[in-house]
Amino acid sequence: MGAMRFRTRTRGGTITTPVLVTASMLAMTALTAHVVEGFLPPQNPGWAPSYNMTLSTISMACNQSGPYNVTAAGAFGILSFDWSNEKAQWAAAKPMDCEERLFAQVQRAKAYSPSSHIFGYRNIVKALPWYSSVREKLDDPQYAGWFLRFATTPPIDGTDYHVPACAAEDRTKCSLFYHDQEQTPAVPTPEAPNVDGACVDYCDTGLNPTGEYLFDHRNGSMLRDWLVNDYIMGVDGLGS
């Protein structure tokens, strides 16, 4: 503990007030200062503001059964297509081609409504292997450090985890990398006929089972540089 003195100016002069400062207060101040430094200042969009409702509204668009009707694109200033768009088609593809279909959908919408700002979904927490650019890294051993692993070597049937480490349709196809099955395509079975995206015979997301993997941001600058410069700002992203 220690004492600090704060001075307050008044019309009659300056008043000096002693204040007791504890170690925990100093630690909290330092922690707060550190956290604040981690945030970037808010940025305005790079285009002019407008009171035209068709230029100042936003929609998260998705049609799981097929391509999205681009005539709706002109009703919004910003249209962001979800990764589940055309899921019925890309889940059955071999290999899955979500990323390519999403980019083609963005191009069609932009061609129909040039004044709209069109975006395609990206995720820098979940590593989704139905995106070919992510799958390429996930299947390449030299990028193994980019993805979070299970705590220990998984058993061949994945029963020791709260999520299976192996593919449901092929118990010999397992992965050391952590993955769950949230919103994940699967092969329909009599026990589970209503899946979230139906694969035919087997799900094809490369060498690893189909699931939602996680980027390991402890990797350092290599992963971060790829995410920013290629995955987000590359020719299939904001750089297009």
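**Exercise 1. Place P67 in this predicted model.**

Task: find which loop holds P67, and decide whether P67 is buried, partly exposed or exposed.

Solution.
- Step 1. P67 sits in the loop that links β3 (58–61) and β4 (78–81).
- Step 2. The relative accessible area of P67 is 47%. Buried means under 20%, and exposed means over 50%. P67 is therefore partly exposed.
- Step 3. Look for contacts, leaving out residues up to four places away in sequence. P67 touches E86, Q105 and R108.
- Step 4. Now take L102, 35 residues from P67 along the chain. The C-alpha atoms of P67 and L102 are 9.1 Å apart.

**Exercise 2. Build the sheet around β4.**

Task: work out the strand order of the open sheet of three strands, and say which strands are the edge strands.

Solution.
- Step 1. Recall how strands join. Strands of a sheet pair through backbone hydrogen bonds, either parallel or antiparallel.
- Step 2. Start with β3 and β4. Four bridges join them, and they run parallel. S59 faces L79 in β4, and M60 stands opposite S80.
- Step 3. Move to β5 (residues 117–120). Four bridges link β4 to β5, again in parallel. G120 in β5 is the bridge partner of F81.
- Step 4. Put the pairs together. The order is β3-β4-β5, with parallel pairing. The edge strands are β3 and β5, as each pairs on one side only. From one strand to the next, the twist averages 15 degrees.
- Step 5. Check the faces of β4. I78 and S80 lie on one side, L79 and F81 on the other, and all are buried. Both faces of β4 are thus covered.
- Step 6. Add helix α3 (residues 98–112). Helix α3 lies across β4 and β5 and runs at about 175 degrees to β5.

**Exercise 3. Trace the hairpin.**

Task: state how β7 and β8 are connected and which residue stands opposite C166.

Solution.
- Step 1. Strand β7 covers residues 166–167, and strand β8 covers residues 170–174.
- Step 2. Two bridges join these strands, which run antiparallel.
- Step 3. The connection is a hairpin through two residues.
- Step 4. C166 stands opposite C174 in β8.

**Exercise 4. Describe the second largest pocket.**

Task: give the volume of the second largest pocket and sort its lining residues by character.

Solution.
- Step 1. The volume is about 300 Å³.
- Step 2. The lining has 17 residues. A167, A168, E169, A186 and V187 lie nearest the centre.
- Step 3. The lining residues divide into eleven nonpolar, four polar and two charged.

Notes. Residues numbered from 1 in each chain as written. Predicted model: local features only at pLDDT ≥ 70, side-chain atom pairs only at ≥ 80, totals over all residues. Heavy atoms only, no water. Buried < 20%, exposed > 50% of the residue type's maximum accessible area, 1.4 Å probe, protein only. Contact = heavy atoms within 4.5 Å. Pairing = 2+ DSSP bridges. 1 Å grid on protein atoms, 1.4 Å probe; cavity = no way out; pocket = protein on both sides within 12 Å on 5 of 7 lines; lining within 4 Å. Points joined across faces, edges and corners; volume = space filled by probe spheres on them. Nonpolar A, V, L, I, M, F, W, Y, C, P; charged D, E, K, R; others polar. Axes fitted to C-alpha atoms, helices over the stretch in contact; angles between N-to-C directions.
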